[in-house]
Amino acid sequence: MIVLAIDTSGSGCSAAIYDSGSSSVLGQSGADIGRGHAERLMEFVDEALASADRPIGDIDRIAVTIGPGSFTGIRVGVATARGLALALGKPAVGVSSLHVLAEEARAAAPGKSVLVAIDAKRDEVYVQAYDAAGHAVTEPEALSVTDVRERFAGFDGCVAGSGAELLASVPPVKVADLVDIAVVARLGAVADPASAKPKPLYLRGPDAKPQAGFAVARA
């Protein structure tokens, strides 16, 4: 199976072509762009396809990160994945950013359970716990740093992610700041399209709020 993996969930924007038969990335492209995912994503998809020497018609499945993360970036990635899936007549699946980080941490610390914590700013973190086999044992949540410290006070595994240093009493497992697109592809290849349809995972509303109080009074 040839998988096109897409990530726009954070400041990075990337795409990869993955062959599940050989468990190898055939080509990839991306950069830490901060903003402008909508303008750059298809450029990176084209570059990944060119690097893999594959036409887009060879794609059997599309995998995309669904968050939590950048509100706008997630919308761009999910919309692009859905559009490509519709155009190609192929399934699309969603992959949680928390799951990706958990897999990276498990690779760095085999045999340990993992608490993934992503810094959500405003003294909050996005968190989810996974057992040593990589199965989620809690639901993804947006919690205050204080609440997470209290709830997971007895957690004896490792902590990973951009919010790990806010929580850990021991040095956290270091994983890359940017989502590993190869892990997105691998998880997407084994996901069930029937139950993993791409849908944004928003754990709280967007930071930007519409202004109020400027309505024109009716005559």
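How many helices and strands does the protein have? The protein has 6 helices and 9 strands; helices are DSSP runs of H or I with at least four residues, strands are runs of E with at least two, and both are numbered from the N terminus. The model is predicted, and local features need pLDDT of at least 70, side-chain atom pairs count only at pLDDT 80 or more, while totals for chains, interfaces and linings use all residues. Residues are numbered from 1 along each chain as its sequence is written, and side-chain values use heavy atoms, with hydrogens and water left out.

Consider the overall form. For 219 residues, a compact globule would have a radius of gyration near 17 Å, and the protein, with 18 Å, agrees; this radius is taken over C-alpha atoms, and the globule rule is 2.2 Å times the number of residues to the power 0.38. The C-alpha trace spans about 70 × 50 × 30 Å along its principal axes. Of the 219 residues, 45% count as buried, a term for under 20% relative accessible area (exposed is over 50%, partly exposed in between, with a 1.4 Å probe and protein chains only).

Strand β2, residues 12-19, is a suitable place to begin. It is mostly covered, with 8 of its 8 residues buried. In a regular strand the side chains alternate between the two faces of the sheet. In β2, Gly12, Ser14, Ala16 and Tyr18 point one way, Cys13, Ala15, Ile17 and Asp19 point the other way, and all are buried.

Strand β2 pairs in the antiparallel sense with β1 (residues 2-7) over 6 bridges; two strands pair if DSSP finds at least two bridges between them. Here isoleucine 6 stands opposite alanine 15 of β2, and a hairpin of 4 residues joins β1 to β2. Strand β2 also pairs with β3 (residues 24-32), again antiparallel, over 8 bridges, and alanine 16 has glutamine 28 in β3 as its bridge partner. In the hairpin of β2 and β3, serine 23 takes a positive phi near 50 degrees.

Further along the chain, an open sheet of 4 strands has the order β8-β7-β6-β9, with mixed pairing. Its edge strands, β8 (141-144) and β9 (158-160), each pair on one side only. Strand β7 (residues 124-130) and β8 are antiparallel over 4 bridges, and glutamate 124 has serine 144 in β8 as its bridge partner. Helix α3 (residues 97-108) packs on this sheet, touching β6 (114-121), β7 and β9, where contact means heavy atoms within 4.5 Å.

Terms used:
Axes fitted to C-alpha atoms, helices over the stretch in contact; angles between N-to-C directions.
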